[in-house]
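Please read the following report alongside the sequence and the coordinates, which are shown first.

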Amino acid sequence: MTRDTDDIFDDNDPCFVISIAARMVGMHAQTLRQYERVGLVEPRRTRGNVRMYSRSDVARLRQVQRLINDLGVNLAGVEVILRMNERMQQMEQEMERLRYELQRMRDRRLPAPRDQ
């Protein structure tokens, strides 16, 4: 039985060298280096200082590519959009946690007395 790479690696596990990541998104490796310099992506580094990209890094690069090519957003705009998107995701997670906590408190509350 062979295992699919989806089963082996977590989305945040660094598993692609820069040449493979660049090929996956259809960019030059130099473009990925530039995006790293401006802070749009942060690949991990091996002990030998080799850049290693995760699947989430590749997905982020594809998002950057769509914003630039399809919507005409410049790099500064891409940075703002990505930051706002990350903040929205954090807020959604916090709202979900608060909803869960509220429901937990409601479930623990005693039922209201009935009028007789």
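The report takes up the core, the sheet and its surroundings, the charged pairs, and a few residues in loops.

**Core and surface patch**

The model is predicted, and what is said below about individual side chains should be read with that in mind. In soluble globular proteins, nonpolar side chains tend to be buried together. Here the largest nonpolar core has 20 residues, and those that touch the most other members are Leu-32, Tyr-35, Tyr-53, Leu-61 and Val-78. Four helices each give two or more residues to this core, namely α2 (18-25), α3 (29-37), α4 (55-69) and α5 (75-108).

The surroundings of Tyr-35 can be listed in full once its neighbours within four places in sequence are left aside: this residue is then in contact with Met-27, Leu-40, Val-41, Leu-61, Val-64, Ile-68 and Leu-75. One of these partners, Leu-61, is also among the core residues that touch the most other members.

Nonpolar side chains are also found on the surface, where Val-17, Ile-20, Met-24 and Val-50 make a patch of about 260 Å². Of these residues, Met-24 is found in helix α2, and its relative accessible area of 32% makes it partly exposed.

**The sheet and the loop beside it**

Which order do the 3 strands of the open sheet follow? The order is β1-β3-β2, and the pairing is antiparallel. Strands β1 (16-17) and β2 (44-45) stand at the edges and have a single partner strand each, so one side of each is left without a neighbour in the sheet. Strand β2 is joined by 2 bridges to β3 (residues 51-53), and the two run antiparallel; within this pairing, Met-52 in β3 is the bridge partner of Arg-44.

Arg-44 also has a contact in the loop between α1 (5-8) and β1, which is the place of Asn-12. Not counting residues up to four places away in sequence, Asn-12 touches Arg-44, Ser-54 and Ser-56, and with a relative accessibility of 42% it counts as partly exposed. Although Asn-12 and Arg-55 are 43 residues apart along the chain, their C-alpha atoms are separated by 6.4 Å.

Is Ser-54, on the other side of one of these contacts, buried or exposed? Ser-54 has its place in the loop between β3 and α4, and it counts as buried because its relative accessibility is 4%, under the 20% limit for that class. Beyond its neighbours within four places in sequence, Ser-54 is in contact with Asp-11, Asn-12, Asp-13, Pro-14, Cys-15 and Phe-16.

**Charged pairs**

Side chains of opposite charge can pair when their charged atoms come close. A search of the whole structure finds 8 salt bridges, and the table gives some of them with the separation between N and O atoms.

| Salt bridge | N to O distance |
|---|---|
| Glu-86 and Arg-60 | 2.5 Å |
| Arg-45 and Glu-36 | 3.2 Å |
| Glu-79 and Arg-83 | 3.9 Å |

The pair of Glu-86 and Arg-60 has one member in helix α5 and the other in helix α4, so it ties together parts that are 26 residues apart in sequence. Both residues count as partly exposed, Glu-86 at 35% relative accessibility and Arg-60 at 22%.

By contrast, Glu-79 and Arg-83 both lie in helix α5, where they are 4 residues apart, about one turn of the helix; Glu-79 is partly exposed, with a relative accessible area of 35%. Arg-45, which counts as partly exposed at 36% relative accessibility, is linked with Glu-36 and Arg-51 in a network of salt bridges.

**Further loop residues**

Most residues other than glycine have a negative phi. Asn-49, in the loop between β2 and β3, has a positive phi of about 70 degrees although it is not a glycine.

The loop between α4 and α5 is the place of Gly-72, which counts as exposed at 61% relative accessibility. Measuring from C-alpha to C-alpha, Gly-72 and Met-91 are 27 Å apart in space, while 19 residues separate their positions in sequence.

Definitions and conventions: Residues are numbered from 1 along each chain as its sequence is written. This is a predicted model: local features need pLDDT of at least 70, side-chain atom pairs count only at pLDDT 80 or more; totals for chains, interfaces and linings use all residues. Side-chain values use heavy atoms; hydrogens and water are left out. A nonpolar core is a set of buried Ala, Val, Leu, Ile, Met, Phe, Trp, Tyr and Cys residues joined through side-chain atoms within 4.5 Å. Buried means under 20% relative accessible area, exposed over 50%, partly exposed in between (1.4 Å probe, protein chains only). Contact means heavy atoms within 4.5 Å. Patches are made of residues with over 30% relative accessible area and no salt bridge: like charges are joined within 9 Å, nonpolar side chains (Val, Leu, Ile, Met, Phe, Trp, Tyr) within 5 Å. Accessible areas come from the Shrake-Rupley method with a 1.4 Å probe; for residues, only the protein chains shown count as cover. A salt bridge is a side-chain nitrogen of Lys or Arg within 4 Å of a carboxyl oxygen of Asp or Glu. Two strands pair if DSSP finds at least two bridges between them.
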